[in-house]
Amino acid sequence: MITVRDKESGLFGFADYNGNCIISPQYEDVSTHLNGYASFLQDGKWGHIDRMGNICCSPKYDNEYWFNGISFAVSLEQQPLLIDEDGHTLRKFDCHSELSYFTNELILVTNDEGTSLINRLGTDIIEPERKLFIDSERGCNVYEQLIICLLYTSPSPRDMRRPRM
C-alpha cells in the first residue's frame, strides 16, 4: 500500500502500487507496516487495517508504536499492550513499562523490575534483570541467532573493561 494525502482536507488514505485508490483519504494520520497492515488515526484514536482496507482493529488506542509482523505495540489509557493484528491482547504491561523494538522476533521490556526480553507473542525469553545490558551499537545489526552474544549481566559497559595493570 502507498500512503496518499488529500491536498484540500489534509487527510490520509491508501492506494495500490498502480495508483488505484484502496481507501479514500479519511484518516488524520497513518503508518504502513509489514505484511500489508497499516495503522490509522481517527478521532484521536489508533486502529489497524489490512491491505484490502478492512478494519482489523477499531480505533481505540491512545498510541501505536510499531508492528513486528505478528504484534502491534500500543497503549490504552497509558497502559502499554502487545496486541495481535485483530486487536486481541497478547500481553499487558504495567504503566511504567517501555517496549522497545529490537528485532522482528524480540522485544525489550524495561520497567521498575529491570529489563527483560520477550518474543513477538509476548512470551518471556529472559526474565526481568536489573543488570541486563544490551549492546545497542551492534544489537540491531546482528543475526538473531547471535543475539545471545550481546547479552551481558554487567551493570554497565564500563564494568566490562579489562582491569588496569
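Q: What makes two strands count as paired?
A: Two strands pair if DSSP finds at least two bridges between them. This model is predicted, and the pairings below are read from it.

Q: How do you know that strand 5 and strand 6 pair?
A: Strand 5 (residues 38-42) is joined to strand 6 by five bridges. Pairing asks for at least two bridges, so strands 5 and 6 count as paired. They run antiparallel. One of the positions involved is F40, whose bridge partner in strand 6 is G47.

Q: What makes strand 5 and strand 6 a hairpin, and which residue in the turn has a positive phi?
A: The two strands form a hairpin with two residues between them. In the turn, D43 has a positive phi of about 55 degrees.

Q: How do you know that strand 6 also pairs with strand 7?
A: Strand 6 and strand 7 (residues 55-61) are linked by three bridges in the antiparallel sense. The requirement is at least two, so this is a pairing as well. H48 has C57 in strand 7 as its bridge partner. Strands 6 and 7 form a hairpin with five residues between the strands, and G53 there takes a positive phi near 90 degrees.

Q: Why is strand 6 called mostly covered?
A: Strand 6 covers residues 45-49, and four of its five residues are buried. A residue is buried when its relative accessible area is under 20%, so four of the five residues in strand 6 fall below that cut-off.

Q: What is the order of the strands in the four-stranded sheet, and why do strand 4 and strand 7 count as edges?
A: The order is 4-5-6-7, in an open sheet with antiparallel pairing. Strand 4 (29-32) and strand 7 each have a single partner strand, so one side of each is left without a neighbour in the sheet. On average, neighbouring strands of this sheet are turned by 15 degrees against each other, direction ignored.

Q: Which strands form the three-stranded sheet, and what makes two of them edge strands?
A: Three strands in the order 1-2-3 form an open sheet with antiparallel pairing. Strand 1 (2-5) and strand 3 (21-27) are the edge strands, since each pairs on one side only. Here the average turn between neighbouring strands is 25 degrees, direction ignored.

Q: How do you know that strand 2 pairs with strand 3?
A: Three bridges connect strand 2 (residues 12-15) with strand 3 in the antiparallel sense. Because at least two are required, the two strands count as paired. Within this pair, F14 has I23 as its bridge partner in strand 3.

Q: Why is the group that includes Y37, L41 and W46 called a nonpolar core?
A: A nonpolar core is a set of buried residues of certain types, Tyr, Leu and Trp among them, joined through side-chain atoms within 4.5 Å. The largest such core here has eleven residues, including Y37, L41 and W46, so these three are buried and belong to the joined set. Strand 7, strand 9 (71-76) and strand 10 (79-84) are the elements that give two or more residues to this core. Strand 7 gives the most, with three residues. Another core lies apart from it, with nine residues, among them F14, I23, V30 and I49.

Q: How many of the residues in the protein chain count as buried?
A: Of the 165 residues, 40% count as buried. The chain has one helix and 17 strands.

Methods:
Residues numbered from 1 in each chain as written. Predicted model: local features only at pLDDT ≥ 70, side-chain atom pairs only at ≥ 80, totals over all residues. Heavy atoms only, no water. Buried < 20%, exposed > 50% of the residue type's maximum accessible area, 1.4 Å probe, protein only. Axes fitted to C-alpha atoms, helices over the stretch in contact; angles between N-to-C directions.
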